[in-house]
Amino acid sequence: MLVVTRRIDQSISIGDDIRVVVVGVDGDQVQLGIDAPQKVPVYRSEILSRVGKARTQRNTTP
């Protein structure tokens, strides 16, 4: 895992076409802006398992 320190308006790049920007900090919460192509799905980690379950159910339903 890469760990970096960023301030508001600073960013990191992932590959050639994904950028994550720190847009705000409020106490212990950080607001991130994610700039990615529309074809790239972006999910919060707590929702990712629900999405996976929904896809599995869709693919196994007769």
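Here are a few worked exercises on this predicted model.

**Exercise 1. Work out how strands 1, 2 and 3 are paired, and in which sense.**

Step 1: Start with strand 1, residues 11-14. It pairs with strand 2 in the antiparallel sense, over 4 bridges.

Step 2: Check the register with individual pairs. Ser-11 stands opposite Val-21 in strand 2, and Ile-12 stands opposite Val-20 in that strand.

Step 3: Move on to strand 2 (residues 18-26) and strand 3 (residues 29-35). These two also run antiparallel, joined by 7 bridges.

Step 4: Check the register here too. Asp-26 has Gln-29 of strand 3 as its bridge partner, while Arg-19 is partnered with Asp-35 in strand 3.

Result: strand 2 pairs with strand 1 and is also bridged to strand 3.

**Exercise 2. Find which glycine in each hairpin turn has a positive phi.**

Step 1: Take the hairpin made by strand 1 and strand 2. It leaves 3 residues between the strands, and Gly-15 in that turn has a positive phi of about 65°.

Step 2: Now take the hairpin of strand 2 and strand 3. Here 2 residues sit between the strands, and Gly-27 is the turn residue with a positive phi of about 65°.

Result: the glycines are Gly-15 and Gly-27.

**Exercise 3. Describe the largest pocket: its volume, its lining and what the strands give to it.**

Step 1: Get the volume. The largest pocket holds about 260 Å³ of space.

Step 2: List who is at the centre. The lining has 14 residues, and Ile-12, Ile-14, Val-20, Val-21 and Leu-32 are the closest to the pocket's centre.

Step 3: Sort the lining by class. You get 10 nonpolar, 3 polar and 1 charged residues.

Step 4: Sort it by strand. Strands 1, 2 and 3 each supply at least two lining residues, and strand 2 gives the most, with 4.

Step 5: Tie this back to the pairing. Ile-12 and Val-20, both among the residues closest to the centre, stand opposite each other in strands 1 and 2.

**Exercise 4. Say which residues form the nonpolar surface patch, and where they come from.**

Step 1: Name the members. They are Ile-8, Val-25, Val-30, Leu-32, Ile-34 and Val-42, with about 540 Å² of accessible area together.

Step 2: Assign them to elements. Strand 3 gives the most, with 3 residues, whereas Val-42 lies in the loop between strand 3 and helix 1 (45-60).

Step 3: Look for overlap with Exercise 3. Leu-32 belongs to the patch and is also one of the residues closest to the pocket's centre.

How values were computed
Residues are numbered from 1 along each chain as its sequence is written. This is a predicted model: local features need pLDDT of at least 70, side-chain atom pairs count only at pLDDT 80 or more; totals for chains, interfaces and linings use all residues. Side-chain values use heavy atoms; hydrogens and water are left out. Two strands pair if DSSP finds at least two bridges between them. On a 1 Å grid over the protein atoms alone, a cavity is a set of points where a 1.4 Å probe fits but cannot get out, and a pocket is an open set with protein on both sides within 12 Å along at least five of seven lines; lining residues have an atom within 4 Å of a point. Grid points are joined across faces, edges and corners, and a volume is the space filled by probe spheres set on the points. Ala, Val, Leu, Ile, Met, Phe, Trp, Tyr, Cys and Pro count as nonpolar, Asp, Glu, Lys and Arg as charged, and the others, Gly among them, as polar. Patches are made of residues with over 30% relative accessible area and no salt bridge: like charges are joined within 9 Å, nonpolar side chains (Val, Leu, Ile, Met, Phe, Trp, Tyr) within 5 Å. Accessible areas come from the Shrake-Rupley method with a 1.4 Å probe; for residues, only the protein chains shown count as cover. A salt bridge is a side-chain nitrogen of Lys or Arg within 4 Å of a carboxyl oxygen of Asp or Glu.
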